[in-house]
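Subject: Structure handover

Dear colleague,

Here is the structure I said I would pass on. My notes on it follow below.

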Amino acid sequence: MQKIPLTVRGAELLKQELQHLKSVARPEVIEAIAEARSHGDLSENAEYEAAKERQGFIEGRISELENKLSMAHIINPAEIHADGKIVFGTTVTLEDLESGEQVRYQIVGEDEADIKERKIYVGSPIARALIGKEEGDVAEVQAPGGVREYDIIAVEYI
């Protein structure tokens, strides 16, 4: 059984979603199914079909979240001691050597990745190029437009 890496925050978000699905979404869909059943003939009842489909989605997502949380390896970035090396959970500040633009990313698990929040998946090309490097190194990232080079400005465990 392979462990799924998650930050403390990522695990908490999955737990909150699971709690919402179990305590709010599941009872709502059960009520919607009961309401649709009360309308009579189920063979041509679009409301019933939609509610059953929604129930299937909710139950599938609950199962998926429970599975991920049971296999989670929760990592607190603040407790990492990697001697300045970039590892899972690290927040890194980079400077694009071509444009001079600086960006800051945290390397996270697949379910936590959100480019708008500057959280990148540990399996992404840029994260793979950064893992194992340290402040002052240059990382070469294979991007769709060609190779891009980034100077690693800062490595933080926050």
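Helices and strands in these notes are DSSP runs, numbered from the N terminus, with at least four residues for a helix and at least two for a strand. On that basis isoleucine 58 belongs to helix 2. Please keep in mind throughout that this is a predicted model.

Domains

UniProt, in an unreviewed entry, places "domain: Transcription elongation factor GreA/GreB N-terminal" at residues 4-74. Over residues 4-74 the chain is 77% helix and 10% strand. The C-alpha atoms at the two ends of that span are 8 Å apart.

The record also lists "domain: Transcription elongation factor GreA/GreB C-terminal", again as an unreviewed entry, for residues 83-157. Residues 83-157 are 8% helix and 44% strand, and the end C-alpha atoms of this span lie 10 Å apart.

Helix 1 and helix 2

Helix 2 covers residues 46-70. Is isoleucine 58 buried or exposed? Its relative accessible area is 1%, so isoleucine 58 is buried. Between the C-alpha atoms of isoleucine 58 and serine 43 there are 22 Å, for a separation of 15 residues along the chain.

Helix 1 runs over residues 8-37. A salt bridge joins the side chains of lysine 22 and glutamate 66, at 2.7 Å from N to O. Because lysine 22 sits in helix 1 and glutamate 66 in helix 2, this pair ties together parts that are 44 residues apart in sequence. Lysine 22 counts as partly exposed, at 34% relative accessibility. Glutamate 66 is likewise partly exposed, with a value of 34%.

Within helix 2, glutamate 64 forms a salt bridge with arginine 61, and the closest N and O atoms are 3.2 Å apart. These two residues are three apart in the helix, which means that about one helical turn separates them. Glutamate 64 is partly exposed, at 34% relative accessible area. Arginine 61 counts as buried because its relative accessibility of 16% falls under the 20% limit.

Strands 4 and 7

How many salt bridges does the structure hold? There are nine. One of them is formed by the side chains of glutamate 156 and arginine 104, at 2.8 Å from N to O. Glutamate 156 lies in strand 7 (residues 146-156) and arginine 104 in strand 4 (residues 102-108), so the bridge ties together parts that are 52 residues apart in sequence. Glutamate 156 has a relative accessible area of 26% and is partly exposed. Arginine 104, at 39%, also counts as partly exposed. Salt bridges with shared partners also join Glu17, Arg61, Glu64, Lys68 and Asp111 into one network.

Strand 7 also contains arginine 148, which is partly exposed with a relative accessible area of 32%. The C-alpha atoms of arginine 148 and isoleucine 126 are separated by 9.5 Å, while the two residues are 22 apart along the chain.

Surface charge

Which residues make up the patch of negative charge on the surface? Glu28, Glu31, Glu35 and Glu47 gather there. Helix 1 supplies the largest share of the patch, with three residues. Glutamate 47 lies in helix 2 and counts as partly exposed, at 47% relative accessibility. Residues in such a patch need over 30% relative accessible area and no salt bridge, so glutamate 47, at 47%, meets the area condition.

Backbone

Most residues other than glycine have a negative phi. Two residues with a positive phi are worth a look.

Aspartate 83 is not a glycine, yet its phi is positive, at about 50°. Aspartate 83 lies in the loop between strand 2 (72-75) and strand 3 (91-96). With 74% relative accessibility, aspartate 83 counts as exposed. In the UniProt record, the C-terminal domain entry covers residues 83-157.

Arginine 118 has a positive phi near 65° and is also a residue other than glycine. Its place is the loop between strand 4 and strand 5 (119-121). At 39% relative accessibility, arginine 118 counts as partly exposed.

Regards

How values were computed
Residues numbered from 1 in each chain as written. Predicted model: local features only at pLDDT ≥ 70, side-chain atom pairs only at ≥ 80, totals over all residues. Heavy atoms only, no water. Patch = residues over 30% accessible without salt bridge, like charges linked within 9 Å, V, L, I, M, F, W, Y side chains within 5 Å. Areas by Shrake-Rupley, 256 points an atom, 1.4 Å probe, with all protein chains shown as cover. Salt bridge = Lys/Arg side-chain N within 4 Å of Asp/Glu carboxyl O. Lys, Arg positive; Asp, Glu negative; His and termini not counted. Charge placed at Lys NZ, Arg CZ, Asp CG, Glu CD. Buried < 20%, exposed > 50% of the residue type's maximum accessible area, 1.4 Å probe, protein only. UniProt positions renumbered as here; feature names shortened; annotations may be inferred.
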